[in-house]
Amino acid sequence: MLSDDVLVEIFDFYVNDYHPLWETLRNAWHTLVHVCRRWRAVVFPSPHWLNLRLEYEGHQPISKVLDAWPVLPVALISGFNELSHRKSDKRWGNMVAALESEHYNRICKIHITDMTNSCWERSAAVMQKPFPGLMHLDVSVNGDVVPVLPDLFLGGSAPRLRELWLRSVPFPSIPKLLLSSSHSTLKTFLILGTFHPT
């Protein structure tokens with residue numbers, strides 16, 4: 001008997017505000033859209049309000065994941081420890097393929113931690129183009145000599161970027177990239193001497 005507006009308010013609390021210390025609600029909206037058709041019809045027209053996005057971890061090609069859902073932003077998320085085993089080479093390849101794919105403009109978040117130098121080189125090489133939907137970038141690299149990011153990283157522009165974490169990643173051109181962001185509350189975190197302006 002509740003109106004759609006009231007349902008969206010309730011869903012917003014469930015997805016965005018209800019985070020008990022002992023529980024992290026990842027993809028909480030998945031539960032909502034599987035309850036009934038009406039709830040699905042309320043959730044999908046509210047992608048920004050309900051923070052709808054597809055969390056992609058490379059278990060299968062990204063095209064298969066996207067075919068199962070409506071057009072939504074994509075978050076690439078993985079700890080490198082999860083990708084470091086030999087059996088996970090294909091999974092890592094899927095992550096890089098997602099960056100190269102025709103769907104790269106839907107990527108809103110990249111959160112990959114504890115990469116090796118070689119894997120970061122491969123990832124950075126395919127990120128020499130603008131990612132117009134990217135709002136959050138969080139990368140850490142474990143290595144003695146991490147390659148310096150070139151000026152053309154992210155095409156030299158990230159207009160929607162809200163949060164940037166670079167750990168052990170030298171990026172001399174970061175001032176230029178930050179100036180390209182139109183977001184007034186951009187948070188930037190550069191850790192372990194990664195910021196070396198020229």
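**Notes on a predicted model**

1. First, the overall layout. The chain has eight helices and six strands. Walk along the sequence and they come in the order α-α-α-β-α-β-α-α-β-α-β-β-α-β. Keep in mind that this is a predicted model. Of the 198 residues in the chain, 42% are buried. As for contacts between residues at least 6 apart in sequence, 65% of them join residues at least 24 apart.

2. Next, the core. The largest nonpolar core has 51 residues, and the ones touching the most other members are Leu76, Ile110, Trp120, Met127, Leu137 and Leu154. Helix α6, residues 89-100, is the top contributor to this core, with five residues. As general background, nonpolar side chains tend to be buried together in soluble globular proteins. Several of the names above come back below.

3. Helix α7 covers residues 117-125, and its buried residues are Asn117, Cys119, Trp120, Ser123 and Ala124. Why do they sit on the same side of α7? Because around the axis they cover an arc of only 160°. Trp120 is worth remembering here, as one of the core residues that touch the most other members.

4. Just past that helix, have a look at Val126, which is in the loop between α7 and β4. Its relative accessible area is 14%, and the cut-off for buried is under 20%, so Val126 counts as buried. Leaving aside neighbours within four places in sequence, Val126 is in contact with Val96, Leu99, Glu100 and Phe131. Take Leu99 from that list: Val126 and Leu99 are 27 residues apart along the chain, yet their C-alpha atoms are separated by 6.6 Å.

5. Now the aromatics. How many aromatic pairs does the structure hold? There are four. One of them is Tyr104 with Phe131: the ring centres are 5.5 Å apart and the planes are at 75°, so this pair is edge-to-face. Tyr104 is in the loop between α6 and β3, while Phe131 is in the loop between α7 and β4, so the pair ties together parts that are 27 residues apart in sequence. The two partners differ in how covered they are: Tyr104 is partly exposed at 26% relative accessible area, whereas Phe131 is buried at 2%.

6. A second pair is Phe153 with Phe171. With centres 5.7 Å apart and planes at 85°, these rings are edge-to-face too. Phe153 belongs to the loop between β4 and β5 and Phe171 to the loop between β5 and α8, so the pair ties together parts 18 residues apart in sequence. Phe153 is buried, at 1% relative accessible area, and Phe171 is buried as well, at 2%. Together with Trp120, Phe153 and Phe171 make up one aromatic cluster, which brings us back to the Trp120 that is buried in α7.

7. On to the strands. Strand β4 (residues 136-141) pairs with β5 in the parallel sense, over five bridges. His136 is opposite Glu163 in β5. Which residues of β5 are on its covered face, and which on its uncovered one? Leu164 and Leu166 are on the covered face of this strand (residues 163-167), while Glu163, Trp165 and Arg167 are on the uncovered face. That fits the general rule that side chains alternate between the two faces of the sheet in a regular strand.

8. Leu154 deserves its own point. This residue is in the loop between β4 and β5 and is buried, with 1% relative accessibility. Not counting neighbours within four places in sequence, Leu154 is in contact with Met127, Gln128, Lys129, Pro130, Phe131, Leu134, Leu137 and Leu177. Two of those, Met127 and Leu137, are named with Leu154 among the core residues that touch the most other members.

9. A backbone detail to check. Most residues other than glycine have a negative phi. Leu154, though not a glycine, has a positive phi of about 60°. Ser168 likewise has a positive phi of about 60° without being a glycine; Ser168 is located in the loop between β5 and α8.

10. Last, the cysteines. How many disulfides does a search of the whole structure find? Zero. As for individual cysteines, Cys36 is partly exposed, at 32% relative accessible area, while Cys108 is buried, at 5%.

Note on methods: Residues are numbered from 1 along each chain as its sequence is written. This is a predicted model: local features need pLDDT of at least 70, side-chain atom pairs count only at pLDDT 80 or more; totals for chains, interfaces and linings use all residues. Side-chain values use heavy atoms; hydrogens and water are left out. Buried means under 20% relative accessible area, exposed over 50%, partly exposed in between (1.4 Å probe, protein chains only). Helices (H or I, at least four residues) and strands (E, at least two) are DSSP runs, numbered from the N terminus. Two strands pair if DSSP finds at least two bridges between them. The arc is that of the directions from the helix axis to the C-beta atoms. A nonpolar core is a set of buried Ala, Val, Leu, Ile, Met, Phe, Trp, Tyr and Cys residues joined through side-chain atoms within 4.5 Å. Contact means heavy atoms within 4.5 Å. A disulfide is a pair of cysteine sulfur atoms within 2.5 Å. Rings of Phe, Tyr and Trp (its six-membered ring) pair if their centres lie within 6.5 Å; planes under 30 degrees apart count as stacked, over 60 as edge-to-face and the rest as tilted.
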